[in-house]
Amino acid sequence: MFKLLQKVARSSFTKSANSFRNAEFHQAPLLVCHCDGSSFRPNLPMYNVLRGYAKNKDKKKDKNKAKVEVNEAQLAEAVNLGALRKDMERAIGTLKEEFVKNLSIRSSAGSIESIIVNVDGKDHTLQELAQIARKNPKTVVVNMAIFPQAIPAALKAIAKSGMNLNPQQDGTTLYIPVPTVTKEHRENLAKGAKSLFVKCKDGIRDVQNKQFKSLKRKEGLSIDTERNLEQQITAIADSYIHEAERILQAKQNELIGNN
């Protein structure tokens, strides 16, 4: 019986040791009773198994946070690095232009002139389709008599300009009340800034994904090399998105009045 108990104990210990990594073990006594009422404590290696915690997940998180070094010489051999940066910079430039044109505290005739109107699949500025003037400090007048067929598209573009404008139509003339600078108006402009930022971010990611596709068509690249180059491209895209976030934060602080 003693040998049987010893065999079971050793088997249990072996399975437990294989199941838990970095476990701690403590010897525990075993009391064996005979039918006649006597008892004895055999010197058996019985163990309590305490769970050990692996650190693989933490290591994985730390690995993901590691900074990717961009090797421009290596990257330039696989993709058109100049075009990549130019396209991402263009997205940042467009964001800045949109902020200046569409997100001023007080809507001006000049900012309204720059609103893009899509007519029959082609983009035009509003000033190309109408005569724009300020009737008084609170109203901008848009005369659409030259291109009356563009009125529906112009109304839609003005309403979605992000400037919190609500145009009113009277024949071929549009009257646009200039919004009062209220807290709600400022918050709406800040929301418009966020929408323009998301558009910029999506544009940068589109450039990134386009380069990913070009890598897959590139011959002679190993899987590891392709993955490394994708990480470098992502790091570049992230840097431009970080710049866009900085511009967004500054604009929102300006609009809402935070210093």
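**Strands, helices and cores in a predicted model**

In the hairpin of β5 and β6, D120 takes a positive phi near 55°. Between the two strands of this hairpin lie 2 residues. The structure described here is a predicted model. Strand β5 covers residues 116-119, and β6 covers residues 122-125. The two pair in the antiparallel sense, over 4 bridges. In one of these pairings, V119 has K122 of β6 as its bridge partner.

The side chains of β5 alternate along the strand. V117 and V119 point to one face and are buried. I116 and N118 point to the other face and are not buried. V119 thus appears twice in this picture: its side chain is buried, and its bridge partner is K122.

A separate set of strands was examined next. An open sheet is formed by 4 strands, in the order β7-β8-β10-β9, with antiparallel pairing. Its edge strands are β7 (131-136) and β9 (168-170), each of which pairs on one side only. From one strand to the next, the twist averages 25°. At the β9 edge, 3 bridges join β9 to β10, which spans residues 173-177. These two strands run antiparallel. Q169 stands opposite L174 in β10. A helix also meets this part of the sheet. Helix α7, residues 151-159, lies across β9 and β10. It runs at about 10° to β10.

The helices α8 and α9 form another pair. Two packed helices are described by the angle between their axes and the distance between the axes. The axes of α8 and α9 come within 10 Å and cross at roughly 170°. Angles over 145 degrees count as roughly antiparallel, so α8 is roughly antiparallel to α9. By class, their contact has 17 nonpolar, 4 polar and 10 charged residues.

The nonpolar cores complete the description. In soluble globular proteins, nonpolar side chains tend to be buried together. The largest nonpolar core here holds 30 residues. Within this core, M88, F99 and I204 touch the most other members. Two or more residues come from each of α3 (72-78), α4 (81-102), α8 (183-217) and α9 (223-256). Helix α9 gives the largest share, 10 residues. Another core, of 21 residues, lies apart from the largest one. Among its members are I112, I151, I176 and V178.

Key:
Residues are numbered from 1 along each chain as its sequence is written. This is a predicted model: local features need pLDDT of at least 70, side-chain atom pairs count only at pLDDT 80 or more; totals for chains, interfaces and linings use all residues. Side-chain values use heavy atoms; hydrogens and water are left out. Two strands pair if DSSP finds at least two bridges between them. Axes are lines fitted to C-alpha atoms, for helices over the stretch in contact, and angles run from 0 to 180 degrees between N-to-C directions. Contact means heavy atoms within 4.5 Å. A nonpolar core is a set of buried Ala, Val, Leu, Ile, Met, Phe, Trp, Tyr and Cys residues joined through side-chain atoms within 4.5 Å. Buried means under 20% relative accessible area, exposed over 50%, partly exposed in between (1.4 Å probe, protein chains only). Angles under 35 degrees count as roughly parallel, over 145 as roughly antiparallel, 65 to 115 as roughly perpendicular and the rest as oblique. Ala, Val, Leu, Ile, Met, Phe, Trp, Tyr, Cys and Pro count as nonpolar, Asp, Glu, Lys and Arg as charged, and the others, Gly among them, as polar.
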